[in-house]
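Let's take a friendly walk through this model together, one sheet and one helix at a time.

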There are 2 protein chains.
Amino acid sequence: MSEERLPVAPADLRIFFEPRNVAVVGASANPTKWGYYIFHNAAAGGFRGRLFPVNRSGGTLFGHPVLRTVEDLPQGEVDLAVVVVPPDQVPGCVEGLADRGVRAVYVVTGGYSETGAAGAARERELAALATRRGLLLAGPNGQGLLSNPVGLSPQMAFARPPRGGLSMITQSGNIGATLMHYAHVGGVGFCRLISVGNSALLGVEEFLAFLAEDEGTTAVALYVEGVRDGRRFIDALRAAALRKPVVLLKGGRTPGGAAAALSHTGALAGNADLFGRLVEQLGAVVVPSLDRLFDVAAAFASTAPVAGPRVGVVTVGGGWGVVAADAIQEEGLELPDLPASVVAELDAVLPDRWSRRNPVDLAGDIGPGAMHRCVQAVVECGAYDAVVHLGGGLVGFAGGLMRESPLYPDQGLDLVVEEAARRDQRLGEALARLAGRPSCPLLFASDAAASPGAAQNPGLAALRARGAPVYPSPERAVRALAALVRRARAQAVSDEAPPRAAAPRAIAAAAARIAAAAAAGRDRLGELEAAELLGACGVPFAAHRAADDPAAAVAAAHSLGYPVVLKGAGGALAHKSDRGLVLLGLRDEAAVRAGAARLFGEAGVERVVVAAQVAGRRELLLGWVRDETFGSAGLVGFGGVLTEAVRDMAFVLLPVSVPRLRAALERLRCRALFGSFRGEAPADLAMLARILNGLWELGEVAPALLAADLNPVVLGPDGRATAVDALLTLRPAAAGGS
Amino acid sequence: MSEERLPVAPADLRIFFEPRNVAVVGASANPTKWGYYIFHNAAAGGFRGRLFPVNRSGGTLFGHPVLRTVEDLPQGEVDLAVVVVPPDQVPGCVEGLADRGVRAVYVVTGGYSETGAAGAARERELAALATRRGLLLAGPNGQGLLSNPVGLSPQMAFARPPRGGLSMITQSGNIGATLMHYAHVGGVGFCRLISVGNSALLGVEEFLAFLAEDEGTTAVALYVEGVRDGRRFIDALRAAALRKPVVLLKGGRTPGGAAAALSHTGALAGNADLFGRLVEQLGAVVVPSLDRLFDVAAAFASTAPVAGPRVGVVTVGGGWGVVAADAIQEEGLELPDLPASVVAELDAVLPDRWSRRNPVDLAGDIGPGAMHRCVQAVVECGAYDAVVHLGGGLVGFAGGLMRESPLYPDQGLDLVVEEAARRDQRLGEALARLAGRPSCPLLFASDAAASPGAAQNPGLAALRARGAPVYPSPERAVRALAALVRRARAQAVSDEAPPRAAAPRAIAAAAARIAAAAAAGRDRLGELEAAELLGACGVPFAAHRAADDPAAAVAAAHSLGYPVVLKGAGGALAHKSDRGLVLLGLRDEAAVRAGAARLFGEAGVERVVVAAQVAGRRELLLGWVRDETFGSAGLVGFGGVLTEAVRDMAFVLLPVSVPRLRAALERLRCRALFGSFRGEAPADLAMLARILNGLWELGEVAPALLAADLNPVVLGPDGRATAVDALLTLRPAAAGGS
């Protein structure tokens, strides 16, 4: 549909969030209709502009006079219309809105592409109509939007999160509602939310570009199930993540269609979280669940950037400190010791029972003054990049439970409850004053945040008034903190030009051969052809020759020099080493002659490849795979005969620079292979990047190429890479294939 | 301290949870004292027995007359005393309690072993005193206990979870409080809780044995930081897990002291979650966080066993279904298609917009009757082992939010709110009727459960009245469900005798040699000695000979047959292959002579080992490591030169049977290596189990043995194992070592 889209500047979309006046077409007095709830929510938020309910029934709705038709709207005064009429009435309604000078239309109505082919046709017509009339169109089939700075909430969801900096774009209305519910309960401030529905015209890509520039938005949460236009999405996400933190949950991480069963790369890409891995390389933090989406979004929206991984913990309970420490180490963060000067300082303030180490375990309530001094000392000592405080608001929480006691107010319980509230509030205020120091952010977790009375808790209220989220468990706070550190690390990756190697002419020639092979119905190119073709594109292969009989094999070995490797080759051969068709370390003529004779006796062997034996104990897989969203992706990982058994791969967005390749390799379990490894030199990352970028360049001009596998690629003792086998997977022109 | 313990039968501990009458010594009218809160909580719970506050101040406390001294307690009528007096008063108090016929004492007072050596001595004296007087002693330094069936709650924590089947033993008072808070908020029913404090006499082991037999307890949650007596813990946990579901969170999963830096096994064991892995083999489910501890405990306490991994999902919102489906697949569960008969059945009931697949997406509220029929059809169709329902209670939740609207009660909002509550309650009751069917349990998740009004939500209340937990996100419900499936899988592992191989005499002889080597100050035994010693214990080694000069090497090769491997050997050599001291595939005399000459020229080489070259492409590590808690543990995983780079190990509790070894290997990423692998036969698991059990037998009688590494162990094409290198790590008798 991209050809139907209007050119939209990000600032144009502000009209959805800060319109002068708003019409709700299909607003209804009937509580069985969505139009009842959407208009209620629009009217309940305190929007300062005028609201125009439109419904042929007339009358008034929540105090607003109902217009009978869009033609009754004042000319040129309504910027945004939210449409919730039956599908057959939508086109007429949109025409009428355009006539009245409305600039943006949000269509809640469903029954479009989500219902099948007829609906998809209706959706295309709707998009074409909007384009023709110069209207900005969001939806259809969305749940609505929220713009907290102006008190506008024309949507089906009821949650009313407080005002703040978090904005969200969601491809699922109910996932958006969940985030607002969590934020409402957790006191996390929202700025904008838009449920993009089917994105007939405007989608994640466009609204993301708007939020990147929106000054009210300090962090962006995305829920994405699919991307319409990978290139726009990539550009928008990269640009947004440069300006503010972005957290993304991908819905639908199920095994997808692999490129081809024969291709390692295709199979591995299909089964892994390719999307998530590549999105992280654009600067967003990818999370695995709704809870984490909320937790990270809350941290991003409220907390200053965290410079490094050093975490201090202050806890009023020992067990919480222990589980926090576990989570800190499991997330790859650090827990440095408390400086001796801080121990001495705190000894003067704290009851004797405190732990004198990090986590600082206070073993109980110590009062607001001592807590302030304690946390201040830890925050300001310079040993930590962030501090996690555990147990805030618990005094008030206990007070709240005491108020519910059947014995209340006996034995002074009423006074105890009052004192607890006072004390808790002072404690919360003391902590809030320390939170948000840019040099060392403070995060909070407390059982109190999970309590029914959380909204009334005086300690929590004091923290939340400063915008500090309070997580309901130590681990959730730590995992949110880890996302802050991940973002800092991602931003610290320096950018430089991706290395290029291949000459354009060689790439073009290789692409032409691939096109010809695909046109001939072939679905793969095996070792000899792939090596020749990729070698011309700059991929370093082991020196090799093909031989048609044992004598030719001996001659080839002689010219290459011993030791050599012999491999049986033929159009239908895969997993050669499993079949005993790879003979390693042949050291003389007799061994080559005997080996070649054996191979020519095996079924399927048409030729024998004689190759120089490559030194090196590290075997990698380098690969490239076409991807619908991202165009393509590179793979680097553990290779050789154990590739599938070990299954340890990193995906990289191409073309890749050396620093970005290095960062991607950090996620591999086998990352040690790429460093100084048992006496061998570190991998030549520029060389690996050049190879991957060469595959990418080829893929860009060879549309029939689906996947390329280089496996194994041997890392030599000098760290340089040599490919010793290759396979190209093609999309054959004819359905039948080879 | 185990020598000081009384023999305790599990049923004896019932006295802590169902005492006739209870004294609280140190109960106080002063709200700055713990004794105030503990007595309040004891008095507020509705306990039917008599409560005796004891404090020299006298007077009354929450309506109970205060006794001035324990001597005023009625003789022989008080079963349990909770003690919260200063440490110096505890011994006199305990004597006095024993004099009055008290049978069990729970000491809240701190200042014992948690404070250092002097406190530890005090704790030993306290334990000895209790033992001498025949008292059951829990604590000291615990936060208290809860026994919900009798309304008894003498503890510092205020949360009052509803009554139910979940019981907890915790080594951290505040972690226990957190679980009770979560349960209070989440409406999950508790039976017993005990905070075991320092466990001077009674600890996790003993209370676990009690809960295993306690008929009120349907599931057990454990928070454990350390185990005093591994053998008792293992026995108690295995016995408990056989009878009811047990979920465990281990606090302190930080890298521990590895056996020795030179030992793969020691280093890998020290850095991994050895404890968790072994505990799972006893039948408990191990969780990584507090949230998960609660989520799984709630499922275990309320939900019937789940027979298999097939999950159906019914959702009122599409996005929730998508993230649930992702979590289902990521947890290794299955999402089978909806049977055609169910599609037809539901087509007759549901609005046209429904998804017609699993997840069953209803795309909105469908009313109680249709929902009941829909869920019933899915639950009863036989295609699923469990069903997850998403979005229950949301109608009432929205109603609750509408009631808070600034526009309430305009435009019929009051009627809408009432109708929502009615509708929601009917929906909740309909779902509750379907929950808990043993053939196909039903789990619930809903935003509504995360809301401030959750306790008043009519739909949730109806579900909770039936004991069904409602998770606040789809993923949390799915992960709890996955634990139910894990438990079912663990229970399905058939038990059989662990295979044994070695003759006791050979084991004893090997142990004697190890003792002698350790006595001589040696900290390791290298390849030749280890192979000889372990070979006698039944570990299959490649045939090999030692040679002291090149001529002897040639003679050895001749007798072994070509090809052979040459390895340099010497007391100080490790990582031989990195140093070029391993020469593979030598095929003739000349090669052996030249290779041996080269090796003898290398520094540190004292002898050369000539070994038959072993065929097979799969290289494993088999290992054994001594462990404080479990005595020892076995390791199986990816071996060879890439061991550390790949770091893929399974820990097994020894001795191990074949089914249990197979189950442990299922957790390896490289598990494919143990099956039919690229033309080679599956691993001979009985052989691997025999090797591991032989190491275990040796370790049982060789206390100086710290770790044993067999790496690599080559799996041949026939699946049989041959060790080709070995290292034994010893605890040398003298500190200096070799």
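In what order do the five strands of the open sheet in chain B with strands 14 to 18 run, and is the pairing parallel or antiparallel? The order is 15-14-16-17-18, and the pairing is parallel. Please keep in mind as you read that this is a predicted model.

## The open sheet 15-14-16-17-18 of chain B

The edges of this sheet are strand 15 (360-361) and strand 18 (470-471) of chain B, each of which pairs on one side only. Strand 15 of chain B is joined to strand 14 (residues 311-315) of chain B by two bridges in the parallel sense. Across that pairing, B:Thr315 stands opposite B:Asp361.

Helix 11 (residues 318-330) of chain B packs on the sheet, where it touches strand 14, strand 15 and strand 16 (386-390) of chain B. The direction of helix 11 makes about 165° with that of strand 14 of chain B.

## The open sheet 2-1-5-6-7 of chain A

Chain A offers an open sheet of five strands as well, with parallel pairing and the order 2-1-5-6-7. Strand 2 (51-54) and strand 7 (136-138) of chain A are the edge strands, pairing on one side only. On average, neighbouring strands here are turned by 15° against each other, direction ignored.

Within the sheet, four bridges hold strand 1 (residues 22-25) and strand 5 (residues 80-83) of chain A together in the parallel sense. A:Ala23 has A:Ala81 of strand 5 as its bridge partner. Helix 3 (residues 90-99) of chain A packs on this sheet and touches strand 1, strand 5 and strand 6 (104-107) of chain A. The direction of helix 3 makes about 170° with that of strand 5.

## Helix 3 meets helix 4

Helix 3 also has a helical neighbour in chain A: its axis and that of helix 4 (residues 117-133) come within 10 Å and cross at roughly 10°. Angles under 35 degrees count as roughly parallel, and helix 3 and helix 4 of chain A are therefore roughly parallel to each other.

From helix 3 of chain A, the contact is made by A:Val90, A:Pro91, A:Val94, A:Glu95, A:Ala98 and A:Asp99. Helix 4 of chain A contributes A:Leu126, A:Leu129, A:Arg132 and A:Arg133. By character, the residues of this contact divide into six nonpolar, four charged and no polar.

## A covered strand in chain A

Now to strand 11 (residues 219-224) of chain A: six of its six residues are buried. In a regular strand, side chains alternate between the two faces of the sheet. Strand 11 of chain A is covered on both faces, with A:Ala219, A:Ala221 and A:Tyr223 buried on one side and A:Val220, A:Leu222 and A:Val224 buried on the other.

Strand 11 of chain A runs parallel to strand 9 (residues 163-170) of chain A, and five bridges join them; A:Ile169 has A:Leu222 as its bridge partner. Strand 11 also pairs with strand 12 (residues 246-250) of chain A, in the parallel sense and over five bridges. There, A:Ala221 stands opposite A:Val247.

## What covers helix 23 of chain B

Helix 23 (residues 658-665) of chain B has B:Val658, B:Pro659, B:Leu661, B:Ala664 and B:Leu665 as its buried residues. Among the elements that cover them are helix 9 (274-281), strand 25 (631-638), strand 26 (649-653) and helix 24 (685-701) of chain B.

## How the two chains relate

Finally, step back to the pair of chains. Chain B is superposed on chain A by a rotation of 180° with 0.0 Å of shift along its axis, at an RMSD of 0.1 Å. That is the relation of a two-fold axis. Of the interface residues of chain B, 100% are also interface residues in chain A, so the copies meet through the same surface.

Terms used
Residues are numbered from 1 along each chain as its sequence is written. Chains are lettered from A and ligands numbered from 1 in the order in which they are written. This is a predicted model: local features need pLDDT of at least 70, side-chain atom pairs count only at pLDDT 80 or more; totals for chains, interfaces and linings use all residues. Side-chain values use heavy atoms; hydrogens and water are left out. Copies are superposed by least squares on the C-alpha atoms of residues with pLDDT of at least 70 in both. Contact means heavy atoms within 4.5 Å. Two strands pair if DSSP finds at least two bridges between them. Axes are lines fitted to C-alpha atoms, for helices over the stretch in contact, and angles run from 0 to 180 degrees between N-to-C directions. Angles under 35 degrees count as roughly parallel, over 145 as roughly antiparallel, 65 to 115 as roughly perpendicular and the rest as oblique. Ala, Val, Leu, Ile, Met, Phe, Trp, Tyr, Cys and Pro count as nonpolar, Asp, Glu, Lys and Arg as charged, and the others, Gly among them, as polar. Buried means under 20% relative accessible area, exposed over 50%, partly exposed in between (1.4 Å probe, protein chains only).
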